[in-house]
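Q: Before the details are discussed, may the structure be shown? I should like to learn how to read its features one by one.

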Number of protein chains: 2
Amino acid sequence: MLPEHAVVCKDAQPGGCMDERVASAVSNWAPRFTTNGVAVADFQRVTASVERWDDWCSAWSSAAKVHEDLGREAMREGRTRSAGAHLSTAAVYYHFGKFLFVEHPDEMREAHGRAVACLNDALPYLDPAGERIEIPFEGSRMVGVLRRPNGPGPHPVVVMVPGLDSTKEEFRSTEALFLERGLATFSVDGPGQGEAEYDLPIRGDWEVPGQAIVDAVAAQPGIDPERIGVWGVSLGGYYAPRLASGVEQVRACVALAGPYNFGECWDQLPPLTRTAFTARSFSGDQETGRKRALELDLTHAAGKIRVPLLVVAGKQDRLIPWQHAERLVAEAGGPTELIMLEDGNHGNMNVAAKHRYKTADWMAAQLGA
Amino acid sequence: MLPEHAVVCKDAQPGGCMDERVASAVSNWAPRFTTNGVAVADFQRVTASVERWDDWCSAWSSAAKVHEDLGREAMREGRTRSAGAHLSTAAVYYHFGKFLFVEHPDEMREAHGRAVACLNDALPYLDPAGERIEIPFEGSRMVGVLRRPNGPGPHPVVVMVPGLDSTKEEFRSTEALFLERGLATFSVDGPGQGEAEYDLPIRGDWEVPGQAIVDAVAAQPGIDPERIGVWGVSLGGYYAPRLASGVEQVRACVALAGPYNFGECWDQLPPLTRTAFTARSFSGDQETGRKRALELDLTHAAGKIRVPLLVVAGKQDRLIPWQHAERLVAEAGGPTELIMLEDGNHGNMNVAAKHRYKTADWMAAQLGA
């Protein structure tokens, strides 16, 4: 998912407009952070403590450490359920420290390593438990977290695709919506995302990594290979339909706040977002970044989507114009539904109750959960 | 639980200090509201829209209506799990509209009625489901919500006691902590609380209503009458140990942010809190209210608590001085534990991760869950 706040901040240099940044972070990012596992009091404390963007990652890492320590303590005391909760929370905090910090790669990578380690350690103690799956891909690998709902399988499954700055560490609360409706989940870091972002650049042809992901998920025990859906948010809202356009096993697709063509959004993107895309597409400079962004395009893909497609967008999205959603719906080759929220921001995180449950119900219905 | 913000607001008259109130609400109440089911974006929208205290209840009721409508829509469409989530959320919003609105009794009662109706309609669709239980008491009745964890019983159970302005509508997220550890929960409106506040005044001798509550809970199918614990927050952090001091079946007790003697806190209480206590103790005037508050006292009760007692308090509590917690621990007649958090506010809602999981683990261990 992409940051909204940075629209306010026209200068990405340290010290440029930091009070505005923090004020804006509170109003724009609070719904995203808290929906995905950050306590509101921690959000207030951390954002109030940060004056310069350069301090962002260390401030979040300090807050994360509190939760990690609580998790390690709980583990020592055999309180494993609490340990799983604390450590998966710590992973979210480290993740948000790292998520757009590409201009400080060493610090970013350190926080990222902590996020991954905390989530790995939490997985056996989540309810239901999670399992780390590594998928070999083009000389490197993609990493995902598989969770199966309670009850006997084989289970339908939802492949969950992050965006430019979200990763599998951010998806516990969204997984819960699917899991409690009887769907397994597979949250995966694809090319340019999370654990894969150092070796595999962002790419537009997500039918390629998507095929590898779907094949790997379909082969897991307890998973029904005939009932696979895909869900994606922000850039993942582009990747998911692109995947669905070319991967035959997929039975249903949700695109939340995704672009039809990301390059066409370039000029209105916040500087931090452009910088992150440039880095994660291995572009070298922003002009190359813009060109790569233009390759994230559904023109020749939308018509190939034959499975049911749910598109969710918000009219107040300052990153991805809502017209991109209408364009995808108009061109999709199968049955479509559109949830367009008048007051929704990027990802509709500020009006979560208006679409998250409906989305989960829709996917459960499509996959016969 | 009692409001912190109103400490800032020295004048309870409409228009007295409303900008401060809203600013303070955001910083002090956000953790309580969001921990208990309010979306942070809704919290921001509602508090930003309210300038005068007189508008508080209608603003929250409008926000609640959005969730209620989503719930009714989901119910019509047979999406019952989502309906349960939306409607129990709506109940929380209506509750927070009503919770301290005693100076406008008609409006308060209207919002209260909506809160109760929404929760009632949600109960069958929660996971696990809830059941409404009415306990005849002194010519009126106390109402509680019983939820049993998944799996075969008989289950240990935690009686959950609200405070001055909290009610059973506010406890879904706390119930979840106990339920997922194998404990049943019974969230109850006692005298002066929630559905009982119109007929039964606040009283100090909670061993009396407590006995009626425990007897009713012990008689429910699927409940193990030998494994009953009690948990209370704020004034409930007084009621729970008072109950444990005189109700023989209780096996363990948690007191979160409770007073040793509420009357001794009177002078530092926010005006809204004193007004609410005066109304809910049927005191007629504030001087009588103060006298009644002095009757909420553990002097002759603490030593009679023979079961394990966990006391949780925060050094930054501006309503109940943390010394009250130390006094209870010093005088309790059985084994005690104290969690005293340096940075904790009233109820330690701003540092929830530091005590909520530990509390749930402690209760599960005491009751052999």
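Q: How can chain A be laid on chain B?

A: In general, two copies of a chain are related by a rotation about an axis and a shift along it. In this predicted model, a turn of 180 degrees with a shift of 0.0 Å along the axis lays chain A on chain B, and the RMSD is 0.0 Å. That is the relation of a two-fold axis. The C-alpha of chain A nearest the axis belongs to A:V40, 3.7 Å from it. Both copies use the same surface: 100% of the contact residues of chain A recur in chain B.

Q: What is the mean pLDDT of chain A, and over which residues is the pLDDT below 50?

A: Where pLDDT is low, the predicted coordinates should not be read in detail. For chain A the mean is 93, and 93% of the residues reach 70 or more. The pLDDT is below 50 over residues 1–17 of chain A, although this stretch has 58 contacts in the model beyond near neighbours in sequence.

Q: In what order do the eight strands of chain A form the open sheet?

A: The order is 1-2-4-3-5-6-7-8, with mixed pairing. Strand 1 (130–137) and strand 8 (336–341) of chain A are the edge strands, each pairing on one side only. On average, neighbouring strands are turned by 20 degrees against each other, direction ignored.

Q: In which sense do strand 6 and strand 7 of chain A pair?

A: Strand 6 (residues 250–256) and strand 7 (residues 309–314) of chain A pair in the parallel sense, over four bridges. A:A255 has A:V311, in strand 7 of chain A, as its bridge partner.

How values were computed:
Residues numbered from 1 in each chain as written. Chains lettered and ligands numbered in written order. Predicted model: local features only at pLDDT ≥ 70, side-chain atom pairs only at ≥ 80, totals over all residues. Heavy atoms only, no water. pLDDT = per-residue confidence, 0-100. Contact = heavy atoms within 4.5 Å. Least-squares fit on C-alpha atoms with pLDDT ≥ 70 in both. Pairing = 2+ DSSP bridges. Helix = DSSP H or I, 4+ residues; strand = E, 2+ residues; numbered from the N terminus. Axes fitted to C-alpha atoms, helices over the stretch in contact; angles between N-to-C directions.
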